[in-house]
Amino acid sequence: MIKLTETGVYLIDGKVCPAEKAGAPLSPEAARENTIAYQIMRAHDRSKDKKKMRLRFDALMSHDITYVGIIQTARASGPKEFPLPYAMTNCHNSLCAVGGTINEDDHVFGLSAAKKYGGIYVPVNQSVIHQYAREEMAACGNMILGSDSHTRYGAIGNMGVGEGGPELVKQLLENTYDIDAPEVVLVYLTGAPRHGVGPHDVAIALCGAVFKQGFVTNKVLEFVGPGVHNLSNDFRLGIDVMTTETACLSSIWETDETTRTFYETHGRGEKFKELRPGAVAYYDRMIEIDLSSVEPMIALPFHPSNAVPIRELQEHPYEILKAVEDEAKEKFGGKVELHLTDKIIDGKLHVDQGVIAGCAGGLYENLVEAAAILQGGSTGNGDFALNVYPASVPVSMAVTKNGVAAELLEAGCIMKTAFCGPCFGAGDVPANNGLSIRHTTRNFPNREGSKPGQGQLSAVALMDARSIAATAANGGVLTSAADVDYTVPDLPYQYDRAIYQKRCYYGFGKADPSAELKFGPNITDWPKFDPLKENLLIKLAAVIKDPVTTTDELIPSGETSSYRSNPLKLSEFALSRRVPDYVPRSKAVSADASALKDGKPSDELLAAAKALGLSEETLTHDTSYVSGVFACRPGDGSAREQAASCQRVLGGGANIAYSYATKRYRSNCINWGIVPFTIDESEPFAYESGDFLYVPGVREKIRTGVETMEGKVLRADGSVFPITLTVKGLTEDEKTIILEGCLMNYYAAGYGKD
């Protein structure tokens, strides 16, 4: 189904040739420039160093969890207007679980910012962020930076990168996005999908093949091959948006007449451009996918890479689900249990809920095909329910006008608005021990909205809309769409931009400096952060030994998003569902750090300093005292900067890891002044919360580019051990940001202005 090649390959006139057999027609470095990815990135690169890219983007995208913080950070440097198109959507509105006006206050602030600085404002429920970008913002050969991890538009020829908010701030202040020139992985498609197979099936199979071994981490995926031309645009988009779950940096696809039709359908035919690799292109690795061999898939809890063919789950339901139950018991320490095997009745798995939603599931063709499967049927009046969220009002209008929505409603589906809630735990939360099958992007723990810390736990499995519809038609009994006889109607998408034109605010190029920003009572400024001193003393506030720690564990999604514009209140939720004691521990460190600044070190700090060989004077005047987190591989998942900023607000100043799951989380740490230490994975981290870690001379070492640093660890029993830490690959700007204490301080000090 999927074959991985770890060594480099050439694509010569469209044909794959292993590097060792290619006769070196061009060097890998020269031929890599002929990939589509490098053709686009070089056109946006402002660097003179081929190995260090400094990218300027064509447009920016944010939603309402992130845009307030971005604008608050940027306005500290006094921008007059947005220098590039910046669209702010409102698809993550959290339904304000805490009550009050704060949810809509953020939206009012967003519109006022669009008027003042010349932004594009997309009101609530008009579109999910990525569908609006596809329909209105993307263009072949362009690059878009979004403050959402699923910023992926490669299937229509536009490279998308998802990052934390501070990286968008840099673009708003006409700075650059700085990365090491990335490797490119060829994704070579052949064949055509079978009956009943949809984009999520291909995407889940891809995630399962590459994620756990880090095969494409921080690399660019480039999709070419004869199989591309056998896929519709919606099918390509459905695969493409899920490349985020492989941990890649970005993605790009070759374009063709199908792509041209997409742009023409959306009234933007001039945005089409043919994109294809040069005659000789080099790729660092290769993934081969025979589309005809992909079967309907399911991604079991608790990650999109837990991929299993639906057929296998039907054949061995007890063994497979028992393994998920055991994983839940281990993950949550036995405090709460998941009972999925109870859902097996007469050898068949009964599901409680289905959801088709968001940037992955709510696409037009998914809804058309789901309706075809459900035509004349019923979702039943038992426990099972199916909720459908079209990705935008134009999609909703199209399925309303052509009768697809009526067919879904007649079958018992509930049609909802364009909203990302089911993807981040703010909508359609299943009952305790419920099992929801979803065509959405993620199924991390708590991502569906359950709260294990309060004894509530439900589970999400990812499936394609087609098999979800087949399951619905079978009354909630898990069913593969491949086993259902149905015909897909010929109903081309009829796009109508009128609703956007009537409701969206298009302010780019029309900034009004006299317009006032409208602040609600929950919108607060960031607290002040101190520059890094000569030495660093860290008290570990959380030690997490899981193989991967997601951003949802670092700062939970869902109702916590109600406080997205209030850094102090939001920080109260940091690690709350994974390490409940983290917040009080960090606050205690922060209180001691404040006392230290006043020249009043606590007895505990004085004792720790003595054991580590620091004088009281060095401790008081030359040492930053911060809390820290150890996690094996933190940061998988969302681009939400709050995963790092909440640590910083609570007094955090360092993370220690074997590696960082994504570039975007590491960038967030740097931009918030958190030193991103790594340690050698061959040495198990033997220390616990409450232990101290001292790094002398850290400021000078970071300033001069010393990447390896020797430190000491003080255990609770008074023993002291050496530790070797590394901080690799910092750019000159990143060094300065860390030294200044955060990105805001960096700009306030006059840096970052070309």
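In this predicted model, helix α21 is followed by G599, a residue whose phi is positive, near 75°. The helix itself comprises 16 residues, 582-597, and extends 23 Å from its first C-alpha to its last, a span close to the 22 Å expected at 1.5 Å a residue. Along α21, the buried residues are Y582, V583, S586, V589, D592, A593 and L596. In general, an α-helix has 3.6 residues a turn, so residues three or four places apart point the same way. The cover over the buried residues of α21 includes helical elements, among them α20 (567-571), α22 (603-612), α23 (616-622) and α24 (642-649), and it also includes the strands β26 (535-544) and β28 (623-631).

With regard to the nonpolar interior, the largest core contains 200 residues, of which L536, F677 and F685 touch the most other members. To this core helix α13, spanning residues 364-374, gives the most, contributing 8 residues. A second core, separate from the largest one, is formed by 29 residues, including F529, Y563, V629 and A643.

F529, a member of that second core, is also touched by N745, which in addition touches E740 when residues up to four places away in sequence are not counted. N745 is placed in helix α28, which covers residues 743-748. Between the C-alpha atoms of N745 and A639 there is a separation of 22 Å, the two residues being 106 residues apart along the chain.

A further site of interest is S480, which lies in the loop between α17 (465-473) and α18 (498-503). With a relative accessible area of 6%, S480 counts as buried, because this value falls under the 20% cut-off. The side chain of S480 reaches the backbone nitrogen of A482 at 3.1 Å. Once neighbours within four places in sequence are left aside, the residues in contact with S480 are P296, I310, Q314, S467 and A470.

The packing of two helices is described by the angle between their axes and the distance between the axes. For helix α8 (residues 233-240) and helix α9 (residues 257-265), the angle is about 95° and the axes are 10 Å apart. Helix α8 is therefore roughly perpendicular to α9, as angles of 65 to 115 degrees are counted in this way. On the α8 side, the contact is made by N233, R236 and L237, whereas α9 contributes T258, T259 and F262.

Conventions. Residues numbered from 1 in each chain as written. Predicted model: local features only at pLDDT ≥ 70, side-chain atom pairs only at ≥ 80, totals over all residues. Heavy atoms only, no water. Helix = DSSP H or I, 4+ residues; strand = E, 2+ residues; numbered from the N terminus. Expected span 1.5 Å × (residues − 1). Buried < 20%, exposed > 50% of the residue type's maximum accessible area, 1.4 Å probe, protein only. Contact = heavy atoms within 4.5 Å. Core = buried A, V, L, I, M, F, W, Y, C linked by side-chain atoms within 4.5 Å. Polar contact = N/O pair within 3.5 Å; in protein donor to acceptor, adjacent residues only side chain to side chain. Axes fitted to C-alpha atoms, helices over the stretch in contact; angles between N-to-C directions. Parallel < 35°, antiparallel > 145°, perpendicular 65-115°, else oblique.
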